[in-house]
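Colleague: I would like to learn how to read the contacts in a protein–DNA model. Could we go through one together?

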2 protein chains.
Amino acid sequence: MSDTLQLEKQLCFRLYSVNKAMNRLYAPMLKELGLTYPQYLVMLALWDKPKAVTVKQLGEMLDLDSGTLSPLLKRMEKQALLHRSRSEFDERSVQVSLSAHGKNIRSKAKLIPAKMFAKTGLPLDEFLMLNNKLDQLLTRLSES
Amino acid sequence: MSDTLQLEKQLCFRLYSVNKAMNRLYAPMLKELGLTYPQYLVMLALWDKPKAVTVKQLGEMLDLDSGTLSPLLKRMEKQALLHRSRSEFDERSVQVSLSAHGKNIRSKAKLIPAKMFAKTGLPLDEFLMLNNKLDQLLTRLSES
DNA sequence: TCAAATTAAGTTGCGTACAACTTAATTTGT
DNA sequence: ACAAATTAAGTTGTACGCAACTTAATTTGA
């Protein structure tokens with residue numbers, strides 16, 4: 001009767017699918033900037049801060065560990081999106097800062113959120129509501 | 001003032017984060033069954049069907065292409081979770097069917113959705129509402 | 001003070017995702 | 001009937017995520 005294992009019913013499959021669909025819509029827009037989605041997240045984090053940020057801080061902001069970030073940042077440095085340098089104060093940590101190119105593409109990136117909002121087809125209040133619900137859910141899941 | 005590029009505001013970052021958080025909660029439970037999350041999705045699809053399913057059909061159900069599915073199914077066959085065989089009627093297509101082991105672990109898997117629902121900490125009506133909203137969003141995004 | 005513990009970043013290995021491509025089988029349109 | 005188009009899987013190459021591990025620097029505590 002009520003089979004709990006049905007694919008269509010599962011919240012996490014919805015999240016998985018929506019996440020992939022989002023990614024597919026972002027990909028062509030980001031490609032124009034020479035970015036993947038995780039690289040875009042790094043750029044968002046850097047654009048948001050006036051100063052350089054450590055790899056550890058980036059990891060906290062994006063919830064990614066060094067196993068993901070180290071090669072990702074290395075690729076981004078090779079594309080001249082950012083610089084990396086050992087901290088003078090603590091030789092263990094690495095400072096990540098925007099390159100000129102990295103700063104320049106910000107203006108193009110500013111157009112992206114509005115385009116994506118339009119593609120969701122959601123009225124603003126529903127968009128905000130959904131955002132809030134997901135934020136609550138994230139908090140609960142992180143506590144588990 | 002209202003910077004549209006702020007990480008915290010973006011719906012897609014929420015989806016990205018929640019999706020990862022979900023995955024982390026699933027991982028230890030699925031590890032007991034010897035499954036990854038995408039492998040679990042394949043098993044859900046197979047458990048749901050009385051007969052064998054083609055790779056193409058699996059791809060439609062899970063929204064994955066053969067570039068992802070072929071190696072994934074090959075790994076699952078090696079773990080004796082399922083069988084693969086060329087269709088007699090159309091030699092291009094491959095039939096995927098459950099092995100005895102694949103059928104057996106279903107009973108253990110049945111406990112997972114309830115555990116995950118508990119971990120969301122959401123009341124049932126909110127859980128269903130969120131599920132619906134994401135389903136709507138998926139439809140809109142797929143149309144774009 | 002100085003060995004032990006902790007911390008930050010990086011490396012290795014595995015499993016997705018997906019674009020772009022190849023191969024083989026089937027369908028098609030004349 | 002049969003060449004051209006289409007279709008289903010699979011392969012190759014790139015980029016995440018993350019577990020487990022290594023290395024080097026800093027902190028700690030007896």
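The dialogue below takes the protein interface and then each DNA strand in turn.

Modeller: Keep in mind that this is a predicted model.

Colleague: How many residues does the contact take from chain B and from chain A?

Modeller: Start with the residue count on each side, then turn to the area. Here the contact takes 55 residues from chain B and 55 residues from chain A. About 5,700 Å² is buried between chain B and chain A, with 65% of it on carbon and sulfur atoms.

Colleague: How many salt bridges are there between chain B and chain A?

Modeller: A salt bridge is read from the distance between a side-chain nitrogen and a carboxyl oxygen, with a cut-off of 4 Å. The count between the two chains is six. One of these joins the side chains of B:Arg24 and A:Asp63, at 2.7 Å from N to O. Polar contacts are counted too: 18 residue pairs across the interface of chain B and chain A, both residues at pLDDT 80 or more.

Colleague: Which elements of chain B supply at least two residues each to the side that touches chain A?

Modeller: Among them are H1, helix H2 (37-48), helix H7 (112-120) and helix H8 (124-143) of chain B. The largest share, 15 residues, comes from H1(B). By class, that side of chain B has 30 nonpolar, 10 polar and 15 charged residues.

Colleague: Now the DNA. Which residues come nearest to DNA strand D?

Modeller: List the neighbours, then see which part of the strand they meet. Of the 29 residues around DNA strand D, the nearest are A:Thr36, A:Arg75, B:Tyr16, B:Lys56 and B:Ser66. Of the strand D atoms within 4 Å of the protein, 77% belong to sugar or phosphate, and the rest to bases. For the phosphate, the side chain of A:Thr36 has an N or O atom 2.8 Å from a phosphate oxygen. For the bases, B:Ser66 places a polar side-chain atom 2.6 Å from a base nitrogen of strand D.

Colleague: What classes of residue make up the surface near DNA strand D?

Modeller: That surface has seven nonpolar, nine polar and 13 charged residues.

Colleague: And which residues are closest to DNA strand C?

Modeller: The same steps apply. DNA strand C is surrounded by 28 residues, the closest being A:Tyr16, A:Lys56, A:Ser66, B:Thr36 and B:Gln39. An N or O atom in the side chain of A:Lys74 is 3.0 Å from a phosphate oxygen of strand C. The side chain of B:Arg92 has an N or O atom 3.5 Å from a sugar or linking oxygen of strand C. By class, the surface near strand C has six nonpolar, nine polar and 13 charged residues.

Note on methods. Residues numbered from 1 in each chain as written. Chains lettered and ligands numbered in written order. Predicted model: local features only at pLDDT ≥ 70, side-chain atom pairs only at ≥ 80, totals over all residues. Heavy atoms only, no water. Near = heavy atom within 4 Å. Polar contact = N/O pair within 3.5 Å; in protein donor to acceptor, adjacent residues only side chain to side chain. Nonpolar A, V, L, I, M, F, W, Y, C, P; charged D, E, K, R; others polar. Contact = heavy atoms within 4.5 Å. Buried area = accessible area lost by both parts, 1.4 Å probe. Helix = DSSP H or I, 4+ residues; strand = E, 2+ residues; numbered from the N terminus.
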